[in-house]
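Visitor: I've never looked at this one before. Could you walk me through it?

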Amino acid sequence: GECGACRGGATTRQLGSNSSSLCLCDLGNFGPAPNNCSLCASDSYSDEYGQDECLACPLNSTTLGASGATHVDNCTCLTGHSRPSPLSNCTPCGPGSFSSSGGECASCPAGTTSKQGDGECACMDGSFGPVFGPCNCSGGFYGDPTAGCLRCQTFAFSLPGSRSAADCRCVYPYNDFEGECFIENWAWVDLTAAEGGRPDARAGHAVATVGRHVYIFGGEFGFFGFKNDFYKLDL
């Protein structure tokens, strides 16, 4: 007579089969053959005929939503993970490395880094740029991003992309002296001169407040000498 087909999801292992009882659930399927075979759900597989259950993918791996997987190789490591052998669990990539497609972990490009289990590398602290670089130092930092960006000294700032400590400038009202920012000379802020104009920068001066006026006398002009002048300013 004519050959009859096994029901959905089932097959036979040899030519000349003469009974439906020889129909077994096919690879990627499971169930009580021959009448009720079903595809393995996503994140599982069946690599043998006639299986009652599907096997779960190794830890931290996935079939990417596909059902009916027929081999453990169909289970791909999650982003940021890898595994040394097909049957082993997927483990997170260490800090400073990545895996974007579930393959082997690779080192982050120069100037970028990652946390454990990351699938991409970002610019290091103090720098900015696209994923995987290239990176530039952020404002307030300087240096070569491949070696790391260093923060400017206290009370100093630099423009984005600065590559030298010389690019760091002391912010007002601080002044630079031998690479340090400090107030060696006071600057006058929000005062309107009533007599004699505004005083120039100085420190160690005498100050007296009388009513709505401030009186300034003398003081030291940084490391360059002393003042012998007088100012009256409105508050």
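Here is a short chat about the model shown above.

Guide: Sure, and bear in mind that this is a predicted model.

Visitor: How many helices and strands does the chain have?
Guide: A strand here is a run of at least two residues, so short stretches count too. On that basis, the secondary structure comes to 0 helices and 26 strands.

Visitor: What share of the chain's residues is buried?
Guide: Buried means under 20% relative accessible area. The chain has 235 residues, and the buried part of them comes to 32%.

Visitor: Which residues make up the largest nonpolar core?
Guide: In soluble globular proteins, nonpolar side chains tend to be buried together. In this chain the largest such core has 6 residues. Apart from it there is another core of 5 residues, including Tyr-45 and Cys-57. The largest one is made up of Tyr-142, Cys-152, Ala-156, Cys-168, Cys-170 and Cys-181.

Visitor: Which residues form a nonpolar patch on the surface?
Guide: Together they have about 260 Å² of accessible area. One of them, Val-171, sits in the loop between strand E20 (169–170) and strand E21 (175–177). The patch is formed by Phe-155, Phe-157 and Val-171.

Visitor: Why does Val-171 count as partly exposed?
Guide: Partly exposed covers the range between buried, under 20%, and exposed, over 50%. Val-171 falls in that range because its relative accessible area is 35%.

Visitor: How much area does the whole chain expose?
Guide: Carbon and sulfur atoms supply 52% of the exposed area. The chain's total is about 14100 Å².

Conventions: Residues are numbered from 1 along each chain as its sequence is written. This is a predicted model: local features need pLDDT of at least 70, side-chain atom pairs count only at pLDDT 80 or more; totals for chains, interfaces and linings use all residues. Side-chain values use heavy atoms; hydrogens and water are left out. Patches are made of residues with over 30% relative accessible area and no salt bridge: like charges are joined within 9 Å, nonpolar side chains (Val, Leu, Ile, Met, Phe, Trp, Tyr) within 5 Å. Accessible areas come from the Shrake-Rupley method with a 1.4 Å probe; for residues, only the protein chains shown count as cover. A salt bridge is a side-chain nitrogen of Lys or Arg within 4 Å of a carboxyl oxygen of Asp or Glu. Helices (H or I, at least four residues) and strands (E, at least two) are DSSP runs, numbered from the N terminus. Buried means under 20% relative accessible area, exposed over 50%, partly exposed in between (1.4 Å probe, protein chains only). A nonpolar core is a set of buried Ala, Val, Leu, Ile, Met, Phe, Trp, Tyr and Cys residues joined through side-chain atoms within 4.5 Å.
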